[in-house]
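Colleague: Could you take one part of this model and go through it closely? I would like a connected account of a single strand and its surroundings, with whatever else bears on the fold afterwards.

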Amino acid sequence: ANAELWSSREGDFSKARKRLERKPLSIERTKGSEILFGIAPCSLALSQSRRDLFRLFLKQSSGARRLVMSEFVLQATARGVPVHHVRRRELDALCRGQVHQGVCLEATPLHFKSLEEAEKPDSGDEESPTRQLIWLVLEQIQDPMNLGALLRSAYFLGVDRVVTSQRNSCPLTPTVSKASSGVMEVFDVYSTGDLRSFLKAKTAEGWEVVGTVSKPEDVEDVPVVSCLEFRWNKPVIIVIGSEGDGLSLETQLLCHRMLTIPAGRALHPGIESLNVSVATGILLHSICSQKLRHGD
């Protein structure tokens, strides 16, 4: 009987040991690194030389996903990045439960580029008044999902540059890269510590500064025009305000015109505006399509 009891306990200990072995490994991070996650951000980060890369973590896969993972191994090998095959739990722990699609990459962070420094090499052809330029300026966008979606739309629709205000703005995090579907890895994002002076300087250079508003009655002293009626024949800056409050009054007063998106129906009380990234996508499409026609 004692032998049977011992054998039973030994079996329990063995199961407990296996359960412990299945717990996620604690992976020590390189100082100053962050964890990128998702197929597009990790693949694009590997293909560029904008980050220092430390380790690639892949989930062991079968079927169609195996080909994707083997491509990652080739990319990492070409860059000299060590590859670690780990379980899903390790990946979940690395990116704190985000949707990683079986891929995480340990790398140095990306930062905003300084607009003041960037002006010098870009002067010349880009600043020519004959070029139909469009810049997107973001004032205090704080949600990383919105910032990522904004970058994705801006890149796709042909925006020449994105500039953010430094104060109260979301940094370029792995969540932003994932929400941008990796656009953040290939598209420079600039920032300025003095948004008002920047807008005044661009106005002096002959640019038109155009703000955005969901309710035309909220605007004083600035003409409001539907995005469907907006026409442009000079370089233009589209300024987008924060998710909750929109553009600050100081920024509104620096705008030459305010754009609005006409609703397609009488709206139910309490439903008055679009998500900021959706609204920006609509506005940019309306404006950038004119740029394409102009180019023809």
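Modeller: This is a predicted model, and strand β2 is a convenient place to start. The strand covers residues 53–59, and five of its seven residues are buried, so β2 is mostly covered by the definition of under 20% relative accessible area.

Strand β2 has a partner on either hand. With strand β4 (residues 103–107) the pairing is antiparallel and runs over five bridges. Two of the opposed pairs can be named: R55 stands opposite E106 of β4, and L56 stands opposite L105 of β4. With strand β3 (residues 83–86) the pairing is parallel, over four bridges. Here L58 of β2 has H85 as its bridge partner in β3. In general, strands of a sheet pair through backbone hydrogen bonds, in either the parallel or the antiparallel sense.

These pairings belong to an open sheet of four strands, ordered β1-β4-β2-β3, with mixed pairing. The edges are held by β1 (34–37) and β3; each has a single partner strand, so one side of each lacks a neighbour in the sheet. From one strand to the next, the twist averages 25°. Helix α2 (residues 39–47) packs on this sheet and touches β1, β2 and β4. The direction of α2 makes about 45° with that of β4.

Away from the sheet, helix α6 (residues 144–157) can be checked for length. Its 14 residues should span 20 Å at 1.5 Å a residue, and the end C-alpha atoms are 20 Å apart, which agrees. The buried residues in α6 are N146, L147, G148, L150, L151, A154 and L157. An α-helix has 3.6 residues a turn, so residues three or four places apart point the same way. At the N-terminal end of α6, D143 acts as a cap, with a side-chain oxygen 2.7 Å from the backbone nitrogen of M145. Just after the helix, G158 has a positive phi of about 100°.

A last site is S242, in the loop between β11 (236–240) and α9 (249–252). Its relative accessibility is 13%, so S242 counts as buried. The side chain of S242 reaches the backbone nitrogen of D245 at 3.4 Å. Leaving out residues up to four places away in sequence, S242 touches E139, Q140 and I141.

Definitions and conventions:
Residues are numbered from 1 along each chain as its sequence is written. This is a predicted model: local features need pLDDT of at least 70, side-chain atom pairs count only at pLDDT 80 or more; totals for chains, interfaces and linings use all residues. Side-chain values use heavy atoms; hydrogens and water are left out. Buried means under 20% relative accessible area, exposed over 50%, partly exposed in between (1.4 Å probe, protein chains only). Two strands pair if DSSP finds at least two bridges between them. The expected span of a helix is 1.5 Å times one less than its number of residues. A polar contact is a pair of N or O atoms within 3.5 Å; within protein, one must be able to donate a hydrogen and the other to accept it, and residues adjacent in sequence count only if both atoms are side-chain atoms. Axes are lines fitted to C-alpha atoms, for helices over the stretch in contact, and angles run from 0 to 180 degrees between N-to-C directions. Contact means heavy atoms within 4.5 Å.
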